[in-house]
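Trainee: I'm new to this one, so could you take me closely through how two of its helices meet?

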Amino acid sequence: AEGRADEEVARMVDEAHGEVKLALQELRDLARGIHPAVLTDRGLDAALSSVAARCTVPVRVVTDLPARPAPAIEGIAYFTTSELLTNVSKHSGARTASVDVWRADTRLMIQVRDDGRGGASADAGSGLAGLADRLDAVDGVLVVDSPAGGPTVVTAELPWRDRETGK
């Protein structure tokens with residue numbers, strides 16, 4: 001029985017190592033502006049569901065988009081949501097979280113909420129401040145509502161650009 005337990009542990013370590021290597025590759029690709037295959041092939045809903053599945057708390061993902069936005073906007077939306085869910089995993093102490101994505105007129109809206117401890121801030125020097133700066137560079141906005149005791153609601157707003165026309 002001990003041999004089988006050792007084999008099981010070795011298999012789990014191999015699996016975890018593979019997942020870490022995949023995550024690092026995804027980070028490198030994002031840093032170079034290369035989008036994950038699931039985003040390129042299947043769009044935000046599938047890509048965000050994949051990110052949500054890696055979060056340490058259960059995440060409900062709802063996307064309601066009439067069409068796919070331009071690839072650059074889709075990439076920024078993906079990256080922003082990934083970073084926000086990483087924050088939920090690391091800092092919130094939440095039991096559940098949700099991601100809602102929708103189009104409002106000329107804007108792509110993303111809202112990430114969690115039922116954690118709150119107190120998140122986009123003050124200078126924070127990871128959220130860096131995210132807000134990146135969104136600002138593309139005419140986007142990040143709004144953080146996170147009273148002490150929670151819940152935290154982070155809303156990101158990006159300009160909508162059509163996939164076909166770029167407008």
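**Where H3 meets H4**

Mentor: Happily! Leu 44, Ala 47, Leu 48, Val 51 and Ala 52 of H3 touch Glu 74, Ala 77, Tyr 78, Thr 81, Ser 82 and Leu 85 of H4 (contact means heavy atoms within 4.5 Å; helices are DSSP runs of H or I with at least four residues, strands E runs of at least two, numbered from the N terminus). By type, the residues of this contact are 8 nonpolar, 2 polar and 1 charged (Ala, Val, Leu, Ile, Met, Phe, Trp, Tyr, Cys and Pro are nonpolar, Asp, Glu, Lys and Arg charged, the others, Gly among them, polar).

This is a predicted model, where local features need pLDDT of at least 70 and side-chain atom pairs 80 or more, while totals for chains, interfaces and linings use all residues. Numbering starts from 1 along each chain as its sequence is written, and side-chain values use heavy atoms, without hydrogens or water.

H3 spans residues 44-53 and H4 residues 71-92; their axes lie 10 Å apart, at an angle of about 20° (lines fitted to C-alpha atoms over the stretch in contact, with angles from 0 to 180 degrees between N-to-C directions). H3 is therefore roughly parallel to H4 (under 35 degrees; over 145 is roughly antiparallel, 65 to 115 roughly perpendicular, the rest oblique). The crossing of H3 past H4 is right-handed (the near helix is turned clockwise from the far one by less than a right angle; anticlockwise is left-handed).

Away from the helix pair, Pro 151 sits in the loop between strands E4 (141-145) and E5 (152-159), and its peptide bond from Gly 150 is cis, with omega near -5°.
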